[in-house]
Amino acid sequence: MENREHYIDDRGIALHIKLDLPDHTGKLPLLILFHGFTGSMEEVTILAVKDAALRAGFAVLRAELYGHGKSGGTFHDHTILKWIQNAEAVCEYAKQLPFVQHIFLAGHSQGGLLAVLLGEKHPQDYAGFLLVSPGASIPEELRSGTLLGEAFDPDHIPESLPTWENLTLSGEYIRTMRDIDPYAAARKYPGPVQILHGSEDEIIPVGSACRLAEEFPDAKLRIIEGDNHNYDYHRDVMAKAAETALNELRQKAG
């Protein structure tokens, strides 16, 4: 097993990345793995998916995006548009890696939503997606005037809002996110998609994953029964489902 850790630059923002390689020589499928809203590359859900991908024979490139982990920027100022720019820079870096055979995207929660949006913009670049508790319901929630259970006036967006873990978030996050339609974006990605979602997800309703699966032209939804957003109860089941899903994606890519 080989591990590489460094930074890449995106318009002056240093992005922290880690590359994990399985014990294999020659060309490899590469999984680019994105964390969620307040996450990092070292959170338990991301590590479980990373390990599943390595078992399935993938190289894994984890990236921390604007305002998260060891990357530049502040959480308060992060937006989905900044994340899209960061992710595009990470993907361009990945294309230059000499061992890469096909590039796949994976993301947890907001990272899953990010993958959907990248698929709409650059469908030809990715051989498939693994979406783990994808945050497809986030824009709709913001349009209704709630953020993680906190109410606000959607007609008068505040300059700053409280979130989890004593963090605050700029109103620009809401303004850039609320106009996004992830379901319309899903229709524009023709490749194979695997979706994992806990049946008792307390943050992203499982119904949003069901709808997302219906919108993709080629998607399979795997419900992890009795589990929540971070798979605190059956993480081993989720990890096994992720490994199976990735094996199926790899087979489709050839």
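This is a short tour of the open sheet in a predicted model and of two helices that lie on it. Local features are described where pLDDT is at least 70, side-chain atom pairs count only at pLDDT 80 or more, and totals for chains, interfaces and linings use all residues. Residues are numbered from 1 along each chain as its sequence is written, and side-chain values use heavy atoms, with hydrogens and water left out.

Begin by selecting the sheet, in which 8 strands follow the order 1-2-4-3-5-6-11-12 with mixed pairing; strands (E, at least two residues) and helices (H or I, at least four) are DSSP runs numbered from the N terminus, and two strands pair if DSSP finds at least two bridges between them. Strand 1 (2–10) and strand 12 (219–224) are the edge strands, each pairing on one side only.

Next, select strand 11 (residues 193–198), which pairs with strand 12 in the parallel sense over 6 bridges, and look for Ile 195, which stands opposite Leu 221 in strand 12.

Then add helix 7 (residues 206–215), which packs on the sheet and touches strand 6 (128–132), strand 11 and strand 12, where contact means heavy atoms within 4.5 Å. Colour Ser 208, Ala 209, Leu 212 and Ala 213 of helix 7, which are buried, that is, under 20% relative accessible area with a 1.4 Å probe and protein chains only. What covers the buried residues of helix 7 includes helix 3 (110–121) and helix 6 (182–186).

Finally, select helix 8 (residues 235–253), which lies across strand 3 (28–34), strand 5 (100–108), strand 6, strand 11 and strand 12.

Technical notes. Axes are lines fitted to C-alpha atoms, for helices over the stretch in contact, and angles run from 0 to 180 degrees between N-to-C directions. Buried means under 20% relative accessible area, exposed over 50%, partly exposed in between (1.4 Å probe, protein chains only).
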